[in-house]
Amino acid sequence: MSGPAGMDPKIRRRNRLILTGLCGVAFSMGVLAFASVPLYRLFCQVTGYGGTTQVAESVSGQVLDRTVRVRFVANTDSGLPWTFKAEQTEVEVRLGEPALIYFQATNNAKEPTAGQAVYNVTPDKVGLYFSKVQCFCFTEQIIQPGETVEFPVYFYVDAAMDAQPNLQDVRTITLSYTFYAQRSKALENAVAAYYRAAKNDS
C-alpha cells in the first residue's frame, strides 16, 4: 500500500484546497461570532428592531396634533441594591413634541454602587420613531450609600410615525428601563474615596 509520499499530485492538491477552504470557513465563523454583538446592536439602533430607541442630537422640528400616551416602567436586577422608580407613571404628548420626565434611584447599600440601564419601548415597531435627546441610560451611574438621585429623560416621538399605516393603531407606548449592577474602575475609585473620607472623619 502506498503512503502519502506516493499519493497522486492531483489528489494532494485537491486535499490542500479543501483544507484551506475549511480553515477559511472556520476563521470567517470566528470573525462573525466576535462581531455579531456590536453588529446586532448597530442593526437594532438603525432599524428600531426589538424596541430599540433612537438617539437624537436635538428635538424635532415638526409637531402634530395626534397624541400618544407614554408609560414608564422601572425595574432593578436583583444584583443591584437600588430602589428605582419613575416619578411619573405616564404622560400624554403630541407627535414631535419634546417631553422631560424623571426617574429616581436610591442606593440602599452601605458603600457606593454602580448601575447601567438597558431599555426598550413597546410595541417594538415604535422603536424607530422614539427618540431620546438626553438619557441617564447612555452612561454608567454611580450612587453613594443612602443617596437618592434623579435621572432625566428628554425625548420625543417622531412625527414621521404618523405617516406609517402599520402604526395608526398605536395609542400607548411603554418605555421600560432595567438597571443592572456594574463593576468598573470608576466604581473602584468611588468606593476607595468613600472609605478614605469615612476614615478621615472618624
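In this predicted model, a good place to begin is T106, a residue found in strand 5. Is T106 buried or exposed? Because its relative accessibility is 16%, and buried means under 20%, T106 counts as buried. Leaving aside residues up to four places away in sequence, T106 touches P81, W82, T83, G146, E147 and T148. With one of these, T148, there is also a polar contact, made between the side chain of T106 and the side chain of T148 at 2.7 Å.

From this single residue we can turn to the largest nonpolar core, which has 37 residues, and in which F103, F136 and Y177 touch the most other members. At least two residues of this core come from each of several strands, among them strand 5 (99–107), strand 6 (113–122), strand 7 (130–135) and strand 10 (172–181). Which strand gives the most to this core? That is strand 9, with five residues.

Another detail lies in the loop between strand 6 and strand 7, where P123 is found. The peptide bond leading from T122 to P123 is cis, with omega near 0 degrees, and this deserves a second look because most peptide bonds are trans.

Finally, it is worth asking how confident the prediction is. The protein averages a pLDDT of 81, and 72% of the residues score at least 70. Over residues 30–51, however, pLDDT stays under 50, and for this stretch the model has 21 contacts beyond four places in sequence. Where pLDDT is low, the predicted coordinates should not be read in detail.

Note on methods: Residues are numbered from 1 along each chain as its sequence is written. This is a predicted model: local features need pLDDT of at least 70, side-chain atom pairs count only at pLDDT 80 or more; totals for chains, interfaces and linings use all residues. Side-chain values use heavy atoms; hydrogens and water are left out. A nonpolar core is a set of buried Ala, Val, Leu, Ile, Met, Phe, Trp, Tyr and Cys residues joined through side-chain atoms within 4.5 Å. Buried means under 20% relative accessible area, exposed over 50%, partly exposed in between (1.4 Å probe, protein chains only). Helices (H or I, at least four residues) and strands (E, at least two) are DSSP runs, numbered from the N terminus. A polar contact is a pair of N or O atoms within 3.5 Å; within protein, one must be able to donate a hydrogen and the other to accept it, and residues adjacent in sequence count only if both atoms are side-chain atoms. Contact means heavy atoms within 4.5 Å. pLDDT is the predictor's confidence in each residue, from 0 to 100.
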